[in-house]
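Student: I should like a close look at a single part of this model, with its surroundings described in one connected account. Please begin with an individual residue and proceed from there to the elements around it.

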Amino acid sequence: MKNYKNSLNHFFSLIEAFEQTPSIGKKSAQKMAYNLSVSDKYLGLKIAHLLENAIDNIRKCTICGGLSEDEICEICMDEERINGQLCMVLHPKDIFTIEEVGDFKGQYWVIEELESLDFETLKKYIQKSTITEIIFAFSPTLANEAIMLYVEDKLDDMDLNFTKIAQGVPTGIGLENIDQLSLSRAFSSRVKL
């Protein structure tokens, strides 16, 4: 097998690369590598091209931290979304999950790394956008509860309502793994902190 693996170095390197992708195991990586490099080379080249374009063009919005192809994302530029609600999420991908449900019509703020969260910039944004409610869209874990309390404490002087999504979000589950109905109910049944 060792000599065989050496003779197909590119193929096995591709498998190893796919295996580094979250939630892709060895068998799935093998199937993907075979399909994209042997069975459907056109699709493989198309994905390679699209991946290169995505890497070159996708960045984080300079306001909210969500993903965008411009300096400021479409959501931050939409004046109709200035409704007093600011939804805090832990990852840019969480915005996709919430937007897919379609119930939330406010603005977002991505925390990602609590240590690098600039509270002065956040406070200015809250004042400028006349935010009255902070909604934490986190999965319920002790660590996330601690983040919510920390943020609430840092913004305590701003006369804000702090809520978190409720019912239908199981403990320890990422937002991308929650069905749309449960996430929609969690938003409409959010609770005051």
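Tutor: Asn-144 has a relative accessibility of 9% and therefore counts as buried, the cut-off being under 20%. The model is a predicted one, and the description below should be read accordingly. Asn-144 is situated in helix 8. Beyond its neighbours within four places in sequence, Asn-144 is in contact with Leu-90, Phe-138 and Ser-139. Of these partners, Leu-90 is 54 residues from Asn-144 in sequence, yet the two C-alpha atoms are 9.0 Å apart in space.

Helix 8, which spans residues 142–154, also takes part in covering helix 7. Helix 7 comprises residues 119–128, and its buried residues are Phe-119, Leu-122, Lys-123, Tyr-125 and Ile-126. Viewed down the helix axis, these buried residues fall within an arc of 160°, so they line one face of helix 7. The cover over them includes, besides helix 8, strand 3 (85–89), strand 4 (107–110) and strand 5 (133–136). On the face turned away from the buried side, helix 7 carries the exposed residues Glu-120, Lys-124, Gln-127 and Lys-128. Lysines are thus found in both groups: Lys-123 is among the buried residues, whereas Lys-124 and Lys-128 are exposed.

The ends of helix 7 merit separate mention. The N-terminal end is capped by Asp-118, a side-chain oxygen of which lies 3.2 Å from the backbone nitrogen of Glu-120. Just after helix 7, Thr-130 adopts a positive phi of about 45°.

A second buried polar residue may be set beside Asn-144. Asp-94, in helix 6 (residues 92–101), has a relative accessibility of 5% and so counts as buried. Leaving aside neighbours within four places in sequence, Asp-94 is in contact with Val-89, Leu-175 and Glu-176. Val-89 belongs to the range of strand 3 (85–89), one of the elements that cover the buried residues of helix 7. Glu-176 lies 82 residues from Asp-94 along the chain, with a C-alpha separation of 6.7 Å.

Helix 6, residues 92–101, also has a link to the surface through Phe-96. Together with Ile-58 and Leu-67, Phe-96 makes a nonpolar surface patch of about 270 Å². Within this patch, Ile-58 lies in the loop between helix 4 (41–57) and strand 1 (59–60). With a relative accessible area of 41%, Ile-58 is partly exposed.

How values were computed: Residues are numbered from 1 along each chain as its sequence is written. This is a predicted model: local features need pLDDT of at least 70, side-chain atom pairs count only at pLDDT 80 or more; totals for chains, interfaces and linings use all residues. Side-chain values use heavy atoms; hydrogens and water are left out. Buried means under 20% relative accessible area, exposed over 50%, partly exposed in between (1.4 Å probe, protein chains only). Helices (H or I, at least four residues) and strands (E, at least two) are DSSP runs, numbered from the N terminus. The arc is that of the directions from the helix axis to the C-beta atoms. Contact means heavy atoms within 4.5 Å. A polar contact is a pair of N or O atoms within 3.5 Å; within protein, one must be able to donate a hydrogen and the other to accept it, and residues adjacent in sequence count only if both atoms are side-chain atoms. Patches are made of residues with over 30% relative accessible area and no salt bridge: like charges are joined within 9 Å, nonpolar side chains (Val, Leu, Ile, Met, Phe, Trp, Tyr) within 5 Å. Accessible areas come from the Shrake-Rupley method with a 1.4 Å probe; for residues, only the protein chains shown count as cover. A salt bridge is a side-chain nitrogen of Lys or Arg within 4 Å of a carboxyl oxygen of Asp or Glu.
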